[in-house]
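Hello,

Here is the structure I promised to pass on. Please open it first, then read my notes below.

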Number of protein chains: 2
Amino acid sequence: MRPTLQTVADAVGVSRSTVSNAYSNPDQLSAELREKIFEVARKIGYPGPNPAARSLRRGRAGAIGVLFTDSLPYAFTDPYAVQYLRGVSEAAERYDSGLLLVPLAGDEKAGIHAVQNAAVDGFCIYCVPEWHWATDAIRSRGLPIVTSEQHDDDRPDVLYVGIDERGAARAAAAHLVALGHRQVAFLSDYVVPERITAPVHIASPEEVRYYTAGERLRGFRDAFAEAGVAWADITVLSAAANSREDGARAAAYALDRADRPTAILAVTDLLALGVLDALAVRGLRPGRDVSVTGFDDIPEAGAAGLTTIRQDPIERGRRSGELLLDPPDDPASRRVLLPTELVVRASTGPAPHGWS
Amino acid sequence: MRPTLQTVADAVGVSRSTVSNAYSNPDQLSAELREKIFEVARKIGYPGPNPAARSLRRGRAGAIGVLFTDSLPYAFTDPYAVQYLRGVSEAAERYDSGLLLVPLAGDEKAGIHAVQNAAVDGFCIYCVPEWHWATDAIRSRGLPIVTSEQHDDDRPDVLYVGIDERGAARAAAAHLVALGHRQVAFLSDYVVPERITAPVHIASPEEVRYYTAGERLRGFRDAFAEAGVAWADITVLSAAANSREDGARAAAYALDRADRPTAILAVTDLLALGVLDALAVRGLRPGRDVSVTGFDDIPEAGAAGLTTIRQDPIERGRRSGELLLDPPDDPASRRVLLPTELVVRASTGPAPHGWS
DNA sequence: CGGCCCTTCTGTATCGATCCAGAAGTCTTC
DNA sequence: GAAGACTTCTGGATCGATACAGAAGGGCCG
């Protein structure tokens with residue numbers, strides 16, 4: 001028979017409430033009594049208040065749910081995702097909460113089941129499309145959600161932490177425009193539903209259903225459109241996954257052509273690093289023969305001299321967690337926009353003569 | 001007012017128990033009634049049984065706790081750890097449980113607090129020394145633990161999933177002995193408490209307090225001792241962390257000497273890959289000028305042609321999770337020893353003449 | 001047709017804590 | 001010295017589900 005609050009209370013000779021207060025409301029009883037209670041609890045082997053009972057009574061689960069599409073290993077290969085998770089875990093710690101991972105690896109039915117049974121106070125969803133079935137499952141539980149995707153039709157109950165994806169991407173592209181680049185390629189994952197690594201034709205970035213990729217491509221497009229470069233004259237490369245390897249494979253399609261672009265704009269650093277790999281294999285010099293930009297500023301980007309857009313994933317995770325556990329009453333502050341910064345490094349330079 | 005089982009029961013006109021059975025014991029009521037209950041529940045907006053209440057009543061938290069020392073990001077840089085986690089999550093899914101991460105990032109007090117409040121049915125501890133304070137905190141809660149460390153004095157309540165660390169390491173070393181290597185260096189993290197990257201002097205591997213590193217070094221020692229190589233004649237290199245960079249830095253101390261070793265045995269693949277990097281920088285050929293062995297067989301090891309000991313981290317994680325959630329009555333099967341295999345690749349070859 | 005089993009559903013007790021109104025005792029204060 | 005304020009502790013109600021014993025009804029068999 002496991003000891004409970006009552007067991008301890010009886011042993012000390014006080015009421016159950018007092019023992020509870022010893023653990024949860026120290027200012028409600030004298031320090032000596034509190035010490036005495038702890039001592040007896042230790043002797044009896046009472047492990048402290050049962051988390052399930054506490055959750056039930058308090059109406060708080062004491063954990064943040066984090067949704068992952070695809071497999072866990074895939075998620076962890078993305079350094080940005082890992083940093084984000086770290087930020088969320090910092091917020092969780094501050095609010096005395098845990099971090100419950102909910103992988104959506106199996107089929108839809110299993111995933112919905114997992115979401116419905118998770119003992120959490122809300123979900124931080126990351127890299128999960130807004131229209132994903134899992135978000136409906138969360139909504140139907142009435143739990144708050146923090147997304148990283150901005151929507152016009154967002155209801156007031158949806159929390160948001162993100163960046164101005166489109167504006168930031170536009171800044172990166174404007175930098176290349178200023179350097180004289182006019183013949184360019186855009187590289188992105190999630191461009192088309194098929195998830196292939198190949199050049200693809202899409203009528204406009206508005207066709208891209210995946211939020212982050214779509215917004216960034218729109219930003220790229222905006223800057224070049226302003227400089228008079230038509231969408232039809234831009235090569236769009238699709239990568240099957242957000243990985244260095246797929247970035248390199250996709251870049252090959254553009255680099256091995258006679259009219260190779262003078263610059264390649266990738267929607268993530270991982271893809272951009274792949275482009276650098278592809279350049280190295282061909283003996284092409286980044287920033288001279290071909291300029292390359294990334295997005296995120298992961299640690300490897302600095303080492304590789306990659307021009308990119310810096311954003312702070314830890315801060316993003318932290319703010320997400322905080323917003324979830326302690327939502328402000330003011331509707332305006334339920335949507336947080338974090339700053340970004342263009343970091344110019346050696347991978348971008350003036351467009352080579354004769355090409356532009 | 002949020003709807004509960006009772007709300008639904010009243011709306012349908014049945015008892016609370018029947019609604020509960022609809023969700024949890026489908027064979028206890030007719031299919032038509034079950035459908036009707038679900039339909040009404042959907043209409044009312046009942047999100048399904050409250051996880052906290054269910055946990056309390058069932059006496060099962062429905063989650064596996066995973067303890068991480070250090071920071072989350074550090075843990076996720078280790079590909080082996082990520083694979084392990086994936087295995088645990090597979091087991092969790094099978095038993096309808098979640099995965100609660102408990103990072104021990106903060107100070108000890110915060111960590112103990114986190115462990116005590118985690119709503120879990122037990123912990124899988126990985127890369128956490130057996131004597132760590134956190135394990136005491138778990139024990140005092142009376143929760144089961146799955147460790148990966150073998151101990152003579154283990155109590156029967158401790159579950160174990162691991163490999164024959166010492167025997168496997170011995171096999172790798174024996175392979176090098178057979179190739180004629182006699183002048184060697186061992187490379188490991190956690191050798192000395194100071195966590196430095198430098199050659200260190202220790203009287204014997206028995207001094208190493210960290211289980212995995214200690215056992216593997218003992219295995220290396222065993223094989224070379226049998227071949228007549230004294231411990232005093234072996235260089236021990238300490239790496240500050242289990243990373244490629246520290247592996248390369250540590251290897252430099254052995255490679256830049258006149259009497260450089262003909263082989264370097266690392267206790268992890270990550271460190272061994274660092275050694276290969278150090279060789280490359282110096283124009284030394286792995287498997288010809290210097291042989292290198294690793295441990296774990298992470299994916300990168302295959303690509304790099306690294307001779308190593310293969311073990312299956314996913315399987316290890318899965319078995320750990322299964323053992324935790326469904327411990328067998330038979331004490332013997334509460335300790336699982338997984339197989340390992342020596343994988344010989346290009347990074348090892350005969351000892352060069354004139355050195356051995 | 002009575003007895004028995006089987007399916008389907010009900011009612012009560014219970015899991016282990018927290019909340020809150022209030023009681024008892026102590027200390028100020030006029 | 002009585003009223004009021006403050007500290008410290010108590011008891012009962014409650015959070016939302018599940019377990020289990022048992023009741024009601026229908027079908028089968030001898």
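**The cores**

Leu187(A) makes many of its contacts far along the chain. Leaving aside neighbours within four places in sequence, Leu187(A) touches Leu237(A), Ala239(A), Gly247(A), Ala250(A), Ile264(A), Leu265(A), Ala266(A), Val267(A), Leu271(A) and Val275(A). Apart from the largest nonpolar core there is another, of 30 residues. Val115(A), Ile138(A), Leu67(B) and Ile145(B) are among its members. The largest core itself has 151 residues. Those touching the most other members are Phe186, Leu187 and Phe224, in chain A and in chain B. Bear in mind that this is a predicted model.

**A helix in chain B**

Helix α11(B) runs over residues 244-255. Its 12 residues reach 16 Å from first C-alpha to last, close to the 16 Å expected. Its buried residues include Asp246(B), Gly247(B), Ala250(B) and Leu255(B). The buried residues pack against β6, β8, β9 and α12 of chain B.

**DNA strand D**

Which residues come nearest to DNA strand D? Of the 26 around the strand, they are Ser17(A), Thr18(A), Leu5(B), Ser20(B) and Tyr46(B). Those 26 divide into nine nonpolar, 11 polar and six charged. Of the strand's atoms within 4 Å of the protein, 59% belong to sugar or phosphate. The rest belong to bases.

Three contacts to look at:

- Ser15(A): a backbone N or O atom lies 2.7 Å from a phosphate oxygen.
- Ser24(B): a polar side-chain atom lies 3.0 Å from a phosphate oxygen.
- Ala53(B): a backbone N or O atom lies 3.5 Å from a base nitrogen.

Helices α2 and α4 of chain A, and α2 and α4 of chain B, each give two or more residues to this surface. The largest share, five residues, comes from α4(B).

Best wishes

Key. Residues are numbered from 1 along each chain as its sequence is written. Chains are lettered from A and ligands numbered from 1 in the order in which they are written. This is a predicted model: local features need pLDDT of at least 70, side-chain atom pairs count only at pLDDT 80 or more; totals for chains, interfaces and linings use all residues. Side-chain values use heavy atoms; hydrogens and water are left out. A nonpolar core is a set of buried Ala, Val, Leu, Ile, Met, Phe, Trp, Tyr and Cys residues joined through side-chain atoms within 4.5 Å. Buried means under 20% relative accessible area, exposed over 50%, partly exposed in between (1.4 Å probe, protein chains only). Contact means heavy atoms within 4.5 Å. Helices (H or I, at least four residues) and strands (E, at least two) are DSSP runs, numbered from the N terminus. The expected span of a helix is 1.5 Å times one less than its number of residues. A residue is near a molecule or strand if one of its heavy atoms lies within 4 Å of it. A polar contact is a pair of N or O atoms within 3.5 Å; within protein, one must be able to donate a hydrogen and the other to accept it, and residues adjacent in sequence count only if both atoms are side-chain atoms. Ala, Val, Leu, Ile, Met, Phe, Trp, Tyr, Cys and Pro count as nonpolar, Asp, Glu, Lys and Arg as charged, and the others, Gly among them, as polar.
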